[in-house]
Amino acid sequence: LSEVLCAVADATREISERLAVLPIVGTADSGGAVNVQGETQAGMDVVSNRIFISKLASRVAAIASEEENVIIQGMDGRQYEIAFDPLDGSSNLDSGLPTGSIFGIAPYKQGQQP
């Protein structure tokens, strides 16, 4: 569990660093797709999702993201699965209001739908 929590902390740190320079460097991804909640993705939604997935894919058995339409398989033999919204409040970015990351970790049970 501590390995998963450390990976989440690392992902949120990297997202925070990217957000700190966002007005200066922007993002390569313009977003524009619609997520599973029916919300239009901002560019930082896409970037934040990639960061979370890259940090967690080797540490969990399954990943569910608000920005993805399917469950992402992680590594075999891992004990946990994770669900997250990598950048909640991304619509606040233009106005400087708060954003955050929301996540939940659960034990993974082999053969059960994550």
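**Notebook: salt bridges and exposure**

I began with Glu3, which is partly exposed at a relative accessible area of 39%. I note that the model is predicted.

Entry 1. I looked up the partner of Glu3 and found a salt bridge with Arg59, whose closest N and O atoms are 3.7 Å apart. Glu3 belongs to helix 1 (residues 2-20), while Arg59 sits in the loop between helix 3 (43-56) and strand 1 (62-65), so the pair ties together parts that are 56 residues apart in sequence. I recorded Arg59 as partly exposed, at 30% relative accessibility.

Entry 2. I turned to Arg13 and found a salt bridge with Asp10, with 2.5 Å between the closest N and O atoms. Both residues lie in helix 1, three residues apart, which is about one turn of the helix. I read a relative accessible area of 38% for Arg13 and 26% for Asp10; Arg13 is thus partly exposed, and Asp10 is partly exposed as well.

Entry 3. I then examined Glu14, which forms a salt bridge with Arg18 at 3.2 Å between the closest N and O atoms. Is Glu14 buried or exposed? Its relative accessible area is 18%, and buried means under 20%, so I entered Glu14 as buried. Arg18, at 38% relative accessibility, I entered as partly exposed. The two residues are four apart in helix 1, a separation of about one helical turn. I also noted that salt bridges with shared partners join Asp10, Arg13, Glu14, Glu17, Arg18 and Lys55 into one network.

Entry 4. Finally, I checked the total, which comes to seven salt bridges.

Methods:
Residues are numbered from 1 along each chain as its sequence is written. This is a predicted model: local features need pLDDT of at least 70, side-chain atom pairs count only at pLDDT 80 or more; totals for chains, interfaces and linings use all residues. Side-chain values use heavy atoms; hydrogens and water are left out. A salt bridge is a side-chain nitrogen of Lys or Arg within 4 Å of a carboxyl oxygen of Asp or Glu. Buried means under 20% relative accessible area, exposed over 50%, partly exposed in between (1.4 Å probe, protein chains only).
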